[in-house]
Protein chains: 2
Amino acid sequence: MQHSNPTTDPSASEQAPQHLQDASSRWQRRKDARPEEILDAALHLFSEKGFSATRMQDVARAAGISKGTLYLYFSNKEAIFYQVVQQRITPQLDQVESMVDASTGSQADLLKQLINGWWLGVACSSLSAIPKIITAEAGNFPELARYFTLNVVTRSRKLFSRVIERGMQRGEFRQYDADTVARLVIAPLVQATIWMHSLKPYDDDAGTQQYLQLHCEFILNSLLQDRSPNANSSEGTMP
Amino acid sequence: MQHSNPTTDPSASEQAPQHLQDASSRWQRRKDARPEEILDAALHLFSEKGFSATRMQDVARAAGISKGTLYLYFSNKEAIFYQVVQQRITPQLDQVESMVDASTGSQADLLKQLINGWWLGVACSSLSAIPKIITAEAGNFPELARYFTLNVVTRSRKLFSRVIERGMQRGEFRQYDADTVARLVIAPLVQATIWMHSLKPYDDDAGTQQYLQLHCEFILNSLLQDRSPNANSSEGTMP
DNA sequence: CTTATAAATGACCGGCTAGTCATTTAGGGA
DNA sequence: TCCCTAAATGACTAGCCGGTCATTTATAAG
């Protein structure tokens, strides 16, 4: 089967491995730097092509090494993905968790912060493709799916539902099932992110900014005790 | 690579091809029935494993024929998918479109009908896996992605945005960008459907019923002119 | 029953890729 | 400077899968 992909050209020369361009030697020993470089390259390619479709050969080239060298640092393809999650996502979650714990302002503001933070930290970052990759490959890599669900999905949702719950306890929010509300808050975010990496190129986009803004507004319209959704006003600052 | 999939055991004997179990002959000529049977088998397997991971061999076995026979009826794997879309999705869309055109009641009711209809007709049907498949494989099968976006996604969204637009024109709904609202209405539905076929097995579910119900309620809280989100009352009938 | 034909088969081919390992070579230490 | 060792290489293997085609066989017509 031949597939001509409009967005990614497999025959295009990868960006030159920019570590030390001097032609003094065929290669260098760089034991310490390799793992990070490999993870960077892998994350970038996973984002572009997905997990299955990314060839170890491609990861190697993008990292400026040969295929064999990959296996000096990672036992197999899945191990690379685990490390990507462990080293790039978990620390961010830790950070956001402590941010939520330390917060003192209104829960509405905090919720907005979480939504915008998620957007900037995931949708607009190098992690952007992870949700699509995970959902796409869950069936073929169940261990990986279980790991991700436990260590990222559930934790993230708890973060949202804790804020929502707190808002309800303080009388700032109306009473709903916090976990369900959290799902409703997150779903459009995740969906938009998956979209970016799947059908967006074929769809005439109507502006992500407005989408995010309106989502915030709708959620708070229903959550906040003292708001009727009249003022279509600017809802604080959106990035 | 070895993957042990908890939900699907590849070595398990497929359900016996139940057409005429008598052992009188090794096989029968059934030119007319084959295409439908192949599409059924394919849709079922695509739902279970995704597009790439479904082997033509598996489709053949599930349809009760040999691999070679597949190619008497479909020119290749992608052709099977196109037919699945064309024969199982497009007709449903036609039907819903005329339903919307013929509708006379309130746009809020119509919108609720659309949401529930989408849920029953997609999430709870054999088409349930299509959104996941398409988003997962879009990168590797761009033609297929373009076709689906044009013929299903855009059409569906137009359906929703038309109803929303009409509601605004009649003063039943508040003024927003109809297309963006349509995206916000659809996103949690699609997201939940993708979820069902990816990480749901690893996540402790909190009840899909409540999710759908609350989604409807939140959307209408913001859209309807004369509602403040006080009465957490039952929001009409949910299936 | 015999025969013609087209439906159905499944061994096979070609291409592709995760992972291996004998060989090469960078570069620090003596 | 030379040597040693471990970092790096890339040709190679094994196995998988979409698609083909020469062969087999159901079955309808004569």
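A helix here is a DSSP run of H or I with at least four residues, a strand is a run of E with at least two, and both are numbered from the N terminus.

## The model and its conventions

The structure is a predicted model, in which local features need pLDDT of at least 70 and side-chain atom pairs count only at pLDDT 80 or more, while totals for chains, interfaces and linings use all residues. Residues are numbered from 1 along each chain as its sequence is written, and chains are lettered from A and ligands numbered from 1 in the order of writing.

## Overall build of chain A

Chain A contains 9 helices and 0 strands. Its pattern along the sequence is therefore written with helix symbols alone, α-α-α-α-α-α-α-α-α, under the naming of helices and strands as DSSP runs.

Of the 239 residues in chain A, 36% are buried (20 or more other C-beta atoms within 10 Å of the residue's own, against 12 or fewer for exposed and values in between for partly exposed, with C-beta atoms placed from the backbone). Contacts (C-beta atoms, placed from the backbone, within 7 Å) often link distant parts of the sequence: when residues at least 6 apart in chain A are considered, 71% of their contacts join residues at least 24 apart.

## Two helices of chain A

Helix α1(A) has as its buried residues A:I38, A:L39, A:A41, A:A42, A:L43, A:L45, A:F46 and A:K49. These residues pack against four helices of chain A, namely α2 (56-63), α3, α4 (77-102) and α6 (130-137). After α1(A) comes A:G50, which has a positive phi near 90 degrees.

In α9(A), the list of buried residues includes A:Y211, A:L212, A:H215, A:F218, A:I219 and A:L223. The buried residues of α9(A) pack against α5 (107-123), α7 and α8 within chain A, and also against α8 (178-196) and α9 (208-223) of chain B.

## The nonpolar core

The largest nonpolar core (buried Ala, Val, Leu, Ile, Met, Phe, Trp, Tyr and Cys residues joined through C-beta atoms within 7 Å) holds 119 residues. The residues with the most contacts inside this core are A:I38, A:A42 and A:V59, together with B:I38, B:A42 and B:V59.

A view of this packing in chain B is given by B:I80, a residue of helix α4 (residues 77-102) of that chain. B:I80 counts as buried because 23 C-beta neighbours lie inside 10 Å. Leaving aside residues up to four places away in sequence, B:I80 touches B:I38, B:L39, B:A42 and B:F74. With the same exclusion, B:A42 touches B:V59, B:I80 and B:V84. B:L70 stands 10 residues from B:I80 along the chain, and their C-alpha atoms are separated by 9.3 Å.

## How chains A and B meet

In the interface, 50 residues of chain A are in contact with 50 residues of chain B. On the side of chain A that touches chain B, α6, α7 (142-169), α8 (178-196) and α9 (208-223) each supply at least two residues. The most come from α8(A), which gives 11 residues. By class, this side of chain A has 24 nonpolar, 18 polar and 8 charged residues (nonpolar means Ala, Val, Leu, Ile, Met, Phe, Trp, Tyr, Cys and Pro; charged means Asp, Glu, Lys and Arg; the others, Gly among them, are polar).

A turn of 180 degrees and a shift of 0.0 Å along the axis lay chain A on chain B with an RMSD of 0.1 Å (least-squares superposition on C-alpha atoms of residues with pLDDT of at least 70 in both copies). The two copies are thus related as by a two-fold rotation axis. In chain A, the residue that comes closest to this axis is A:A136, with its C-alpha at 2.3 Å. The copies meet through the same surface, because 100% of the interface residues of chain A are also interface residues in chain B.

## The DNA strands

DNA strand D is surrounded by 25 residues (near means a C-beta atom, placed from the backbone, within 6 Å). The closest are A:I65, A:S66, A:G68, B:G68 and B:N76. Elements giving two or more residues to this surface are α3 (67-73) of chain A, and α2 (56-63) and α3 (67-73) of chain B. The largest share, 4 residues, comes from α3(A). The surface near DNA strand D divides into 7 nonpolar, 8 polar and 10 charged residues.

Around DNA strand C there are also 25 residues, of which A:Q28, A:G68, B:I65, B:S66 and B:G68 come nearest. Here α2 and α3 of chain A, with α3 of chain B, are the elements that give two or more residues. For DNA strand C, α3(B) gives the most, with 4 residues. The surface near DNA strand C has 7 nonpolar, 8 polar and 10 charged residues.

Definitions and conventions: Two residues are in contact if their C-beta atoms, placed from the backbone, lie within 7 Å.
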